[in-house]
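Subject: The structure I promised you

Hi,

Here is the structure I said I would pass on. Have it open while you read, and my notes on what turned up follow underneath.

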Amino acid sequence: MTATILRHGEPAPDDWTVLEDGRTEAELPGGKVIVTLARWRAEREALLSRHAVVGVLVPNTADIEAVHPEIADRPLIALQFPSFADGRALSQAVVLRKRLGFRGELRAVGDVIRDLVFWLGRCGFDSIVPRKDQKLEECRAALSEFTVAYQAAADEHTPVWIRRRGQAAAH
Amino acid sequence: MYRYDPIDRALVTQRVEQFRDQTRRYLAGELTEDEFRALRLRNGLYQQRFAPMLRISVPYGLLESKQLRKMAHVVRKYDKGYGHFTTRQNIQLNWPKLEQVPDLLAELAEVQLHGIQACGNDTRNITSDYLAGVSPDEHIDPRPYCELLRQFVALHPEFYWLPRKFKFGFTGAAVDRAATRTNDVAVHLVRRADGAIGYRFFVGGGLGRQPMLGQEMNPFVPESDLLRYACAILRTFNRFGRRDNIHKARIKIVLREWGPERFRAAIEEEYAKIKASIEGEELVLLPEDIERMRGYFTAPAYRPAAEVGADISGLAAQDAGFAAWVKRNVRAHKVPGYRVVFVSLKAPDHVAGDCTAEQFEALADICDAYSFGELRSTYDQNLVLADVAECDLYEVWRRLDAVKLATPNIGLVTDIVSCPGLDFCGLANAGSIGVAQDIYHRFDTLDAQYEIGPIRITISGCMNGCGHHSVGHIGILGVDKHGEEWYQVTLGGSPGNDAAIGERIGRALARDEIAEGVERLIRGYLELRCDEDETFIECYRRIGMAPFKALLYVNESEAAAA
C-alpha cells in the first residue's frame, strides 16, 4: 500500500476504511472501519460483531467530555476540520489527550493542508490525513517547522515559564 | 523592557522562515488565495486597496531606541518613508511589497519586532496602560503580566485558529488609559484588602458592529492563575464562538446569546477543570515566575530630585510655545524631579498617527538622551517619553518641536483619533483622514482648543471601528450610500473608567456637511455648558441628546422627528 497519511510523524499507508453513514456494511470488508458518532451510537453491537476494529468520527461541535465515556475504549478517534481555519477540533484533541487521557490513535481528517500540520502535531494528533492535493513529504516536514515553543500543548514541550525557573532575567 | 533569550529569538527567527516559505509557495501558485490570506494575516500582512499593509506588533506599546532606528530604516527601504501608529499601539506600514515582506520581517526580528498574530482570527497584540510604571495613580505595574500572557498566547497551537480576532487589554491604575473594556478580555490588576494581588476579569467587549463593553466575569482571580483563567476563556471561545457568520463570531456574541450567567458558568467550569488537571500544574504561575518577569520592568536609574528637579516657570514665562507645550503635553510622574512627556502625532496637515523616518530617528536620539532609551505608543495614536527629568524639559521640547512632534494638543479637539480610512484601507466605506483634517482646521487656534477643553473625537472609515468611533465623545462613522461617502455621528461614548458606547444622533451627514456639523456641536456646547469646567462629555451626560440634535440638524424641520 502507498503511504497517504502521517502516523507518528512518518508517511504510512492508511489501513482504515471510512464507513459513511449512507453505505451499508455489506459493501465493506471486515477489518478496521471508522464510523460516525451517530452510527456508533445506533449500531454499536452490530458493528463490533462484524468488524475487527471500529474507530469513531466525532463532529467538531460535539462536547468531547460528554461523548468521551462512549468512545474512551476506541482504538481510534477521528476529529474533523471542515476548513483548515476551523480550530474547534484542536480543543477537542487537547482535552482528549490531556484531561481525559486518551491514548489511542487520534486522527485529523477534512481540509487538512500542510500549513495546519504543525498545529495538529502539537495538539496531540498522531494520525494526520492530509487533503488529497497536499504533498505528504512536505506535510511530514511541517511537523517540525518550529523547534521551540512558549507553551505546552498535548506534546513534549515544557512551558517557558517553567523552563526559565532559576534563571535570572536577561538584560 | 523585556529582553529576548535564545528561546524567543529562535521562535521569531523560525517564524520568519516559515512565512518566507509560505510566501514562496503562494507566489509559485501552490497556495490558494484563501489559504495564503489566513497565513499572511497571522504575520500581520493585510491586503489594502493599493498594496499590502504590514501591521507590526508593539507589545503593550513599549519601544526602545534601536527599534525606532530600525523602523526608520525599514520604512525607507521597504515603504514610502513613514509608518502609522494605531489605536492598538501597533505600527502599520502601508506600502510594502509582498515579495519583500519576509526580508522586512527578518530585519525586524533583529530588534525583537514581528507581525505574529497582528491580524487574523487569533489572539492579537496585548494593549496596556502607556503610563505603566510611571503614573502616580498606578497600584500594580501591568507589564510583567502582559508579557507572561503574551508568551502564553503567541503561537499557541490550540488557539491559533479561533472563530474571530481576540484582544486582551490590561491596566493596573485607577484611570483606565487603555480602553480595556473595549477588548474581548479586560484584565484589571487589583490588590485585595489582605494585600494579595489578583485580576479582575471582564469579558465580551468589542467594537465594530454591535459595540459592547466587557462585563465582569470574575472580580478576583488569584495572581497565580492568569494563564489558567485566560486558557479557560480562550477554550470556551474556541469551542462555542460562532463560525457560521463572520459578523457574529466575536466572543461578545456568545455572551449576548447565552446571557452573562450561563457564560460565566461555562468559563468558571472550564477554569475549575483546568485547575484540577495536569494543565493546571503547567499553567500555574509561581511567585518566582512573576518576580523574574518583574525583573525586566524595573525602574530606570532615576537621579535624585535635587539634581534633576527644576522650576520651569521661568522658561515658560519667556517662551509661550514652551509654556503651551508644558501645559498640555507634560504630565505628572510618580518620581519627584521627573515628568511624563507626550509626543503629539497630531500636527496640522499631518495624518493622525503617522511618523516619518526622520521622526523615528529623532525620537530614538531623544529617548536615548532624555528618557532611558524607551518610548511608548498610546491608545490615542500619540507617543510618550515616560521618564524625562525636569531639567531636560526645555531641550526635549526644542528637539521635538524641530521635527513637528510638539503640537500642544494632547486630549484637545485637534487630538483626533482616526483610522487610515478609504485612502488606504480595503474595508473602508469612506475617508477618515480628510474629515479629521477638516475638523482640525476649524479649531486650529490654541485659544479655541483651550476654551473647548478635553474632548475626544474619533473617526472610523467603516463599521469595523478601528478609529474607535463608538467610544468617542463625538464619534464619526463613515458609511457608503450609493457610492458616496456619508458620516454618522454618535455622541457620549467613552473608553475610560466611565466607559460607554456612544448613541447615534440621527441621519448621516454628507462629506461636505460633516466638519461643519461637528463644529456646530462643539460651538453649541460652549453655550450649553453650565460653567467653564464642565467638559463636553459631562455636559452631554447632564443635558442629553436633544440639544445636540437640534444643533447638528439646525436647518432641518424634520430634526425633531428624526
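Let's begin where the two chains meet. The contact draws on 31 residues of chain A and 38 residues of chain B. On the chain A side, helix H3 (88-99), helix H4 (114-122) and helix H6 (160-163) each bring at least two residues to the surface that touches chain B. H3(A) gives the most, with 6 residues. Sorted by class, that side of chain A has 17 nonpolar, 5 polar and 9 charged residues. Before you go further, keep in mind that this is a predicted model.

**Chain A**

Chain A has 6 helices and 8 strands. If you walk along the sequence, you meet them in the pattern β-β-β-β-α-β-α-β-α-β-α-β-α-α. The C-alpha atoms of chain A fill a box of roughly 70 × 35 × 25 Å along the principal axes. Of the 171 residues in chain A, 41% count as buried. As for how the chain meets itself, take the contacts in chain A between residues at least 6 apart in sequence: 44% of these join residues at least 24 apart.

Now try tracing the sheet. In chain A, 8 strands make an open sheet with mixed pairing, and their order is S2-S1-S8-S7-S6-S5-S4-S3. Which strands sit at the edges? They are strand S2 (10-12) and strand S3 (17-19) of chain A, and each of them pairs on one side only. For S3(A), the pairing is with strand S4 (residues 32-36) of chain A, in the parallel sense and over 3 bridges. If you want one pair to click on, A:Thr17 has A:Val33 in S4(A) as its bridge partner.

**Chain B**

Chain B splits into four parts: domain 1 (6-109), domain 2 (134-295), domain 3 (305-402) and domain 4 (417-561). Between domain 1 of chain B and domain 2 of chain B, the C-alpha centres are 27 Å apart.

A good helix to look at is helix H5 (residues 143-153) of chain B. Is it mostly covered or mostly uncovered? H5(B) is mostly covered, with 11 of its 11 residues buried. Among them are B:Tyr145, B:Phe152 and B:Val153, but also B:Arg143, B:Arg150 and B:Gln151. What do these buried residues pack against? Their neighbours include H6 of chain A, and within chain B they include strand S7 (168-171), strand S8 (185-191), helix H6 (226-240) and helix H10 (287-294). Just after H5(B) comes B:Leu155, which has a positive phi near 55°.

Look at H5(B) together with H10(B). They pack at an angle of about 110°, with their axes 9 Å apart. H5(B) and H10(B) are therefore roughly perpendicular to each other. The contact is made by B:Pro144, B:Glu147 and B:Leu148 of H5(B) with B:Ile290, B:Met293 and B:Arg294 of H10(B). By class, these residues are 4 nonpolar, no polar and 2 charged.

Then turn to helix H3 (residues 65-78) and helix H4 (residues 101-109) of chain B. Their axes come within 10 Å and cross at roughly 170°, so H3(B) and H4(B) are roughly antiparallel to each other. Here B:Lys70, B:Val74 and B:Tyr78 in H3(B) meet B:Leu104, B:Glu107 and B:Leu108 in H4(B). This contact divides into 4 nonpolar, no polar and 2 charged residues. One thing helps when you read lists like these: an α-helix has 3.6 residues a turn, so residues three or four places apart point the same way.

Chain B has a sheet to trace as well. It is an open sheet of 5 strands, in the order S3-S14-S15-S12-S11, and its pairing is antiparallel. The edge strands are strand S3 (62-64) and strand S11 (330-332) of chain B. Neighbouring strands of this sheet are turned by 35° against each other on average, ignoring direction. Within the sheet, strand S14 (residues 374-377) and strand S15 (residues 383-389) of chain B run antiparallel and are joined by 2 bridges. B:Arg376 stands opposite B:Val384 in S15(B). Helix H14 (residues 357-370) of chain B lies across strand S12 (338-343), S14 and S15 of chain B, at about 30° to S15(B).

Last stop: B:Arg256, in helix H7 (residues 251-258) of chain B. Why does B:Arg256 count as partly exposed? Because it has 15 C-beta neighbours inside 10 Å, and a residue needs 20 or more to be buried, or 12 or fewer to be exposed. The C-alpha atom of B:Arg256 is 8.4 Å from that of B:Gly204, although 52 residues separate the two along the chain.

Have fun looking around!

Key
Residues are numbered from 1 along each chain as its sequence is written. Chains are lettered from A and ligands numbered from 1 in the order in which they are written. This is a predicted model: local features need pLDDT of at least 70, side-chain atom pairs count only at pLDDT 80 or more; totals for chains, interfaces and linings use all residues. Two residues are in contact if their C-beta atoms, placed from the backbone, lie within 7 Å. Helices (H or I, at least four residues) and strands (E, at least two) are DSSP runs, numbered from the N terminus. Ala, Val, Leu, Ile, Met, Phe, Trp, Tyr, Cys and Pro count as nonpolar, Asp, Glu, Lys and Arg as charged, and the others, Gly among them, as polar. Two strands pair if DSSP finds at least two bridges between them. Domain bounds come from an automatic or database domain assignment. Axes are lines fitted to C-alpha atoms, for helices over the stretch in contact, and angles run from 0 to 180 degrees between N-to-C directions. Angles under 35 degrees count as roughly parallel, over 145 as roughly antiparallel, 65 to 115 as roughly perpendicular and the rest as oblique.
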